[in-house]
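I opened a new page for this protein. These are my notes, in the order I looked things up.

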Amino acid sequence: MREFEKLHRDERIYVVVAADEAATRSLCTPYGVADACIADPDRRTHRAARLRPASLLSFFSRELIERARANHRAGFRQNWAKSRIDDLRRVPGAMRIDADGIVTWIYRGEHAGDLPPLEQLLAR
């Protein structure tokens, strides 16, 4: 995040978290991005972006399995006690929104680990 701020001072990155304010703060603070996280417990952003649920077959895709292994090696763990059943098929998305609030680019993931690399997001 800091490198992005150096290169693109006129732009901001925000992370929308499908959780309440307290949970969002606890999830984002350890990574130093608490100020860039927006709580969305009602998943309004997800619906507005028209992100469709992942297919059940996507849970067995090589790409998702490799992404899960890489995340595990990096120290990230799924907290199944906090996972909501309706979130299991939720896919990520990314948007670029201009200064006028117009969505100029949108990426809709195919499975839970499907987000483009940060370099691709910044190139948009």
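**Trp-80 and its surroundings**

I began with Trp-80, which I found in the loop between H4 and E3. The model is a predicted one, and I keep that in mind throughout.

Is Trp-80 buried or exposed? I looked up its relative accessibility and got 60%. Exposed means over 50%, so Trp-80 counts as exposed.

Next I asked which residues make a nonpolar surface patch with Trp-80. They are Leu-56, Phe-59, Phe-60 and Leu-88. The patch they make with Trp-80 covers about 600 Å².

**Overall layout**

I then stepped back to the whole chain. The protein has 5 helices and 4 strands. Reading from the N terminus, I wrote down the order α-β-α-β-α-α-β-β-α. There are 124 residues in the protein, and buried residues make up 22% of them.

**Helix H4**

I checked the length of H4, which covers residues 62–73. It has 12 residues, so at 1.5 Å a residue it should span 16 Å. The C-alpha atoms at its ends are 17 Å apart, which agrees.

What follows H4? I found Gly-75 there, with a positive phi near 100°.

**Strands E3 and E4**

I moved on to E3, residues 93–97, and noted where its side chains point. They alternate. Ala-94 and Arg-96 point to one face and are buried. Gly-93, Met-95 and Ile-97 point to the other face and are not buried.

How many bridges join E3 to E4? I counted 5, and the two strands run antiparallel. E4 takes in residues 103–108. Opposite Arg-96 of E3 I found Trp-105 in E4.

The two strands form a hairpin, with 5 residues between them. In this hairpin Gly-101 has a positive phi, near 85°.

**The disulfide**

I searched for disulfides and found 1 in the structure. A disulfide is a covalent bond between the sulfur atoms of two cysteines. Here the partners are Cys-28 and Cys-37, with an S to S distance of 2.1 Å. I also looked up the turn about the S-S bond: at -100°, the link of Cys-28 and Cys-37 is left-handed.

Are these cysteines, Cys-28 and Cys-37, buried or exposed? Buried means under 20% relative accessible area. Cys-28 has 5%, so it is buried. Cys-37 has 12%, so it counts as buried too.

**The salt bridge**

Last, I searched the whole structure for salt bridges and found 1. Side chains of opposite charge can pair when their charged atoms come close. The pair here is Arg-44 and Asp-42, whose closest N and O atoms are 3.6 Å apart.

I checked how each partner sits. Arg-44 has a relative accessible area of 57%, so it is exposed. Asp-42 has 44% relative accessibility, so it counts as partly exposed.

Definitions and conventions: Residues are numbered from 1 along each chain as its sequence is written. This is a predicted model: local features need pLDDT of at least 70, side-chain atom pairs count only at pLDDT 80 or more; totals for chains, interfaces and linings use all residues. Side-chain values use heavy atoms; hydrogens and water are left out. A disulfide is a pair of cysteine sulfur atoms within 2.5 Å. Buried means under 20% relative accessible area, exposed over 50%, partly exposed in between (1.4 Å probe, protein chains only). Two strands pair if DSSP finds at least two bridges between them. The expected span of a helix is 1.5 Å times one less than its number of residues. Patches are made of residues with over 30% relative accessible area and no salt bridge: like charges are joined within 9 Å, nonpolar side chains (Val, Leu, Ile, Met, Phe, Trp, Tyr) within 5 Å. Accessible areas come from the Shrake-Rupley method with a 1.4 Å probe; for residues, only the protein chains shown count as cover. A salt bridge is a side-chain nitrogen of Lys or Arg within 4 Å of a carboxyl oxygen of Asp or Glu.
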